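Q: I'm new to this structure and would like a close look at a single part. Could you walk me through the place where the two chains meet, and then show me what sits around it?

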Protein chains: 2
Amino acid sequence: MNKYLLHGKLVAQPGHGEQLRSILLKASEQVSASPGCRLYLISRDESDPDTVWVTEVWESKEDHAHSLQDEGVKELITHAMPILKGKPEGGQELIVVGGVGIGKE
Amino acid sequence: MNKYLLHGKLVAQPGHGEQLRSILLKASEQVSASPGCRLYLISRDESDPDTVWVTEVWESKEDHAHSLQDEGVKELITHAMPILKGKPEGGQELIVVGGVGIGKE
(Lines give C-alpha, C1' and ligand atoms only; values in the text may rest on other atoms or scores of the structure.)
Protein backbone atom coordinates (compact mmCIF):
# COMPACT_ATOMS: atom_id res chain seq x y z
CA MET A 1 0.00 0.00 0.00
CA ASN A 2 2.66 2.55 1.10
CA LYS A 3 0.74 5.75 1.73
CA TYR A 4 1.77 8.85 3.65
CA LEU A 5 0.17 9.32 7.08
CA LEU A 6 0.42 12.58 8.98
CA HIS A 7 -0.94 12.80 12.53
CA GLY A 8 -0.58 16.25 14.02
CA LYS A 9 -1.81 18.52 16.76
CA LEU A 10 -3.00 22.11 16.58
CA VAL A 11 -3.62 24.07 19.76
CA ALA A 12 -6.04 26.99 19.70
CA GLN A 13 -5.87 29.98 21.97
CA PRO A 14 -8.02 29.44 25.09
CA GLY A 15 -11.70 29.10 24.19
CA HIS A 16 -11.07 28.89 20.42
CA GLY A 17 -10.96 25.09 20.02
CA GLU A 18 -14.44 24.84 18.55
CA GLN A 19 -13.71 27.64 16.06
CA LEU A 20 -10.49 25.91 15.01
CA ARG A 21 -12.30 22.58 14.53
CA SER A 22 -14.87 24.37 12.38
CA ILE A 23 -12.14 25.82 10.13
CA LEU A 24 -10.50 22.41 9.82
CA LEU A 25 -13.78 20.75 8.90
CA LYS A 26 -14.04 23.24 6.04
CA ALA A 27 -10.44 22.39 5.15
CA SER A 28 -11.36 18.70 5.02
CA GLU A 29 -13.99 19.47 2.39
CA GLN A 30 -11.43 21.47 0.39
CA VAL A 31 -8.70 18.84 0.51
CA SER A 32 -11.04 15.98 -0.29
CA ALA A 33 -10.86 17.23 -3.88
CA SER A 34 -7.05 17.38 -3.86
CA PRO A 35 -5.23 14.70 -5.83
CA GLY A 36 -4.06 11.86 -3.61
CA CYS A 37 -6.14 12.72 -0.51
CA ARG A 38 -7.38 9.47 1.04
CA LEU A 39 -8.27 10.48 4.59
CA TYR A 40 -8.57 13.72 6.53
CA LEU A 41 -10.07 13.41 10.01
CA ILE A 42 -10.56 16.11 12.63
CA SER A 43 -10.57 14.95 16.25
CA ARG A 44 -10.89 16.49 19.64
CA ASP A 45 -9.06 15.49 22.75
CA GLU A 46 -11.12 15.02 25.88
CA SER A 47 -8.22 16.19 28.01
CA ASP A 48 -8.08 19.64 26.38
CA PRO A 49 -10.96 21.40 24.58
CA ASP A 50 -8.57 23.71 22.73
CA THR A 51 -6.50 20.94 21.19
CA VAL A 52 -7.41 19.63 17.75
CA TRP A 53 -5.86 16.61 16.03
CA VAL A 54 -5.70 16.14 12.28
CA THR A 55 -5.10 12.64 10.89
CA GLU A 56 -4.37 12.59 7.16
CA VAL A 57 -3.54 9.86 4.66
CA TRP A 58 -2.22 10.79 1.22
CA GLU A 59 -1.02 8.73 -1.73
CA SER A 60 2.35 10.43 -1.25
CA LYS A 61 4.08 13.11 0.79
CA GLU A 62 4.25 15.19 -2.38
CA ASP A 63 0.45 15.08 -2.76
CA HIS A 64 0.13 16.47 0.75
CA ALA A 65 2.65 19.25 0.08
CA HIS A 66 0.86 20.09 -3.15
CA SER A 67 -2.50 20.42 -1.35
CA LEU A 68 -1.11 23.23 0.79
CA GLN A 69 -0.78 25.33 -2.37
CA ASP A 70 -4.52 25.17 -3.08
CA GLU A 71 -6.04 28.67 -2.90
CA GLY A 72 -9.01 27.56 -0.76
CA VAL A 73 -6.75 25.72 1.67
CA LYS A 74 -4.39 28.70 1.84
CA GLU A 75 -7.31 30.98 2.71
CA LEU A 76 -8.43 28.63 5.52
CA ILE A 77 -4.87 28.56 6.88
CA THR A 78 -5.02 32.37 6.94
CA HIS A 79 -8.19 32.14 9.05
CA ALA A 80 -6.71 29.59 11.43
CA MET A 81 -3.35 31.25 12.09
CA PRO A 82 -4.61 34.10 14.32
CA ILE A 83 -6.41 31.75 16.70
CA LEU A 84 -3.53 29.28 17.08
CA LYS A 85 -1.52 29.21 20.27
CA GLY A 86 2.06 29.26 19.03
CA LYS A 87 3.32 27.62 15.87
CA PRO A 88 1.96 24.24 14.76
CA GLU A 89 4.33 21.37 15.40
CA GLY A 90 5.34 19.24 12.44
CA GLY A 91 3.26 16.20 13.33
CA GLN A 92 4.06 12.52 13.19
CA GLU A 93 4.88 11.05 9.77
CA LEU A 94 4.27 7.36 9.08
CA ILE A 95 4.05 5.03 6.10
CA VAL A 96 0.78 3.11 5.89
CA VAL A 97 1.54 -0.43 4.73
CA GLY A 98 -2.01 -1.76 4.73
CA GLY A 99 -5.30 -2.07 6.48
CA VAL A 100 -8.97 -1.49 5.89
CA GLY A 101 -11.53 1.31 5.89
CA ILE A 102 -10.13 3.93 3.54
CA GLY A 103 -12.85 4.98 1.15
CA LYS A 104 -12.17 6.54 -2.21
CA GLU A 105 -9.41 5.41 -4.54
CA MET B 1 -19.77 12.41 13.74
CA ASN B 2 -18.24 11.52 17.15
CA LYS B 3 -16.33 8.33 16.53
CA TYR B 4 -13.64 6.69 18.62
CA LEU B 5 -10.06 6.98 17.34
CA LEU B 6 -7.23 4.93 18.77
CA HIS B 7 -3.66 5.57 17.65
CA GLY B 8 -1.17 3.26 19.26
CA LYS B 9 2.33 1.89 18.97
CA LEU B 10 3.55 -1.68 19.18
CA VAL B 11 7.25 -2.44 19.37
CA ALA B 12 8.53 -5.80 18.19
CA GLN B 13 11.62 -7.52 19.45
CA PRO B 14 14.65 -6.65 17.31
CA GLY B 15 14.22 -7.90 13.74
CA HIS B 16 10.57 -8.89 14.19
CA GLY B 17 8.87 -5.71 12.91
CA GLU B 18 7.93 -7.23 9.56
CA GLN B 19 6.45 -10.30 11.24
CA LEU B 20 4.43 -8.09 13.60
CA ARG B 21 3.11 -6.02 10.68
CA SER B 22 2.10 -9.21 8.91
CA ILE B 23 0.09 -10.37 11.98
CA LEU B 24 -1.58 -6.96 12.25
CA LEU B 25 -2.51 -6.98 8.57
CA LYS B 26 -4.30 -10.28 9.22
CA ALA B 27 -5.94 -8.65 12.25
CA SER B 28 -7.18 -5.80 10.04
CA GLU B 29 -8.99 -8.34 7.86
CA GLN B 30 -10.54 -9.95 10.94
CA VAL B 31 -11.71 -6.69 12.53
CA SER B 32 -13.09 -5.29 9.28
CA ALA B 33 -16.02 -7.65 9.88
CA SER B 34 -16.49 -6.46 13.47
CA PRO B 35 -19.50 -4.23 14.16
CA GLY B 36 -18.53 -0.56 14.22
CA CYS B 37 -15.08 -0.87 12.64
CA ARG B 38 -14.55 2.08 10.31
CA LEU B 39 -10.78 2.22 9.89
CA TYR B 40 -7.84 0.00 10.81
CA LEU B 41 -4.50 1.05 9.34
CA ILE B 42 -1.07 -0.49 9.90
CA SER B 43 1.89 1.84 9.52
CA ARG B 44 5.60 1.65 9.82
CA ASP B 45 7.90 4.26 11.20
CA GLU B 46 10.98 5.11 9.12
CA SER B 47 12.93 5.86 12.27
CA ASP B 48 12.57 2.32 13.66
CA PRO B 49 11.91 -0.84 11.60
CA ASP B 50 10.62 -2.72 14.65
CA THR B 51 7.93 -0.17 15.56
CA VAL B 52 4.42 -0.60 14.18
CA TRP B 53 1.58 1.92 14.52
CA VAL B 54 -2.09 0.99 14.43
CA THR B 55 -4.64 3.71 13.70
CA GLU B 56 -8.24 2.64 14.32
CA VAL B 57 -11.62 4.38 14.07
CA TRP B 58 -14.69 2.76 15.61
CA GLU B 59 -18.30 3.86 15.94
CA SER B 60 -17.77 3.70 19.70
CA LYS B 61 -15.20 2.72 22.31
CA GLU B 62 -17.49 -0.20 23.21
CA ASP B 63 -17.33 -1.53 19.63
CA HIS B 64 -13.55 -1.54 19.88
CA ALA B 65 -13.59 -3.35 23.24
CA HIS B 66 -16.05 -5.88 21.83
CA SER B 67 -13.80 -6.63 18.83
CA LEU B 68 -11.04 -7.81 21.18
CA GLN B 69 -13.32 -10.67 22.24
CA ASP B 70 -13.49 -12.05 18.69
CA GLU B 71 -11.93 -15.53 18.57
CA GLY B 72 -9.91 -14.80 15.42
CA VAL B 73 -8.57 -11.56 16.87
CA LYS B 74 -7.73 -13.26 20.16
CA GLU B 75 -5.77 -15.91 18.27
CA LEU B 76 -3.78 -13.25 16.41
CA ILE B 77 -3.04 -11.47 19.70
CA THR B 78 -1.67 -14.80 20.97
CA HIS B 79 0.67 -14.91 17.96
CA ALA B 80 1.80 -11.31 18.43
CA MET B 81 2.49 -11.36 22.17
CA PRO B 82 5.71 -13.47 22.08
CA ILE B 83 7.41 -11.17 19.54
CA LEU B 84 6.51 -7.91 21.34
CA LYS B 85 9.17 -6.01 23.21
CA GLY B 86 7.53 -5.30 26.55
CA LYS B 87 3.86 -4.61 27.08
CA PRO B 88 1.87 -2.55 24.55
CA GLU B 89 1.15 0.98 25.71
CA GLY B 90 -2.47 2.08 25.83
CA GLY B 91 -2.36 4.36 22.79
CA GLN B 92 -3.84 7.77 22.20
CA GLU B 93 -7.65 8.05 22.39
CA LEU B 94 -9.45 10.80 20.46
CA ILE B 95 -12.98 11.66 19.38
CA VAL B 96 -13.36 12.13 15.64
CA VAL B 97 -15.74 15.04 15.04
CA GLY B 98 -15.69 15.00 11.25
CA GLY B 99 -13.67 14.79 8.09
CA VAL B 100 -13.49 12.83 4.88
CA GLY B 101 -12.18 9.55 3.53
CA ILE B 102 -13.70 6.89 5.74
CA GLY B 103 -15.20 4.20 3.58
CA LYS B 104 -17.89 1.86 4.70
CA GLU B 105 -20.83 2.89 6.88
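A: Here is a walk along the side of chain B that touches chain A, followed by a look at the helices and a salt bridge. Keep in mind as you go that this is a predicted model.

Let's start with the meeting of the chains. On chain B, 30 residues are in contact with 30 residues of chain A. Put together, the two chains bury about 2,600 Å² between them, and carbon and sulfur atoms give 65% of that area. Which parts of chain B supply this side? Strand E1 (3-11), H1, strand E2 (37-45), strand E3 (48-58) and strand E4 (92-100) of chain B each bring at least two residues to it. Sort the residues on that side by class and you get 14 nonpolar, eleven polar and five charged.

What about pairings across the boundary? Between chain B and chain A there are zero salt bridges, but ten residue pairs are in polar contact, with both residues at pLDDT 80 or more.

H1 of chain B, one of the elements on that side, also has a helix partner inside its own chain. Two packed helices are described by the angle between their axes and the distance between the axes. For helix H1 (residues 17-31) and helix H3 (residues 71-80) of chain B, the axes come within 9 Å and cross at roughly 170°. An angle over 145 degrees counts as roughly antiparallel, so that is how H1(B) and H3(B) lie to each other. From H1(B), the contact uses Leu20(B), Ile23(B), Lys26(B), Ala27(B), Gln30(B) and Val31(B); from H3(B), it uses Gly72(B), Val73(B), Leu76(B), His79(B) and Ala80(B). That gives seven nonpolar, three polar and one charged residues where H1(B) touches H3(B).

Now hop over to chain A. Its helix H1 (residues 17-31) and helix H3 (residues 71-80) have axes that come within 9 Å and cross at roughly 170°, which makes H1(A) roughly antiparallel to H3(A). Among the residues that meet here are Leu20(A) and Ile23(A) of H1(A), with Val73(A) and Leu76(A) of H3(A). The class count for this contact is seven nonpolar, three polar and one charged.

Finally, the salt bridges: over all chains, the structure holds ten. One to find is Lys3(A) with Glu59(A), whose closest N and O atoms are 2.9 Å apart. Lys3(A) sits in strand E1 of chain A, while Glu59(A) is 56 residues away in the loop between strand E3 and helix H2.

Terms used:
Residues are numbered from 1 along each chain as its sequence is written. Chains are lettered from A and ligands numbered from 1 in the order in which they are written. This is a predicted model: local features need pLDDT of at least 70, side-chain atom pairs count only at pLDDT 80 or more; totals for chains, interfaces and linings use all residues. Side-chain values use heavy atoms; hydrogens and water are left out. Axes are lines fitted to C-alpha atoms, for helices over the stretch in contact, and angles run from 0 to 180 degrees between N-to-C directions. Helices (H or I, at least four residues) and strands (E, at least two) are DSSP runs, numbered from the N terminus. Angles under 35 degrees count as roughly parallel, over 145 as roughly antiparallel, 65 to 115 as roughly perpendicular and the rest as oblique. Contact means heavy atoms within 4.5 Å. Ala, Val, Leu, Ile, Met, Phe, Trp, Tyr, Cys and Pro count as nonpolar, Asp, Glu, Lys and Arg as charged, and the others, Gly among them, as polar. Buried area is the accessible area (1.4 Å probe) that two parts lose on being put together, summed over both. A salt bridge is a side-chain nitrogen of Lys or Arg within 4 Å of a carboxyl oxygen of Asp or Glu. A polar contact is a pair of N or O atoms within 3.5 Å; within protein, one must be able to donate a hydrogen and the other to accept it, and residues adjacent in sequence count only if both atoms are side-chain atoms.
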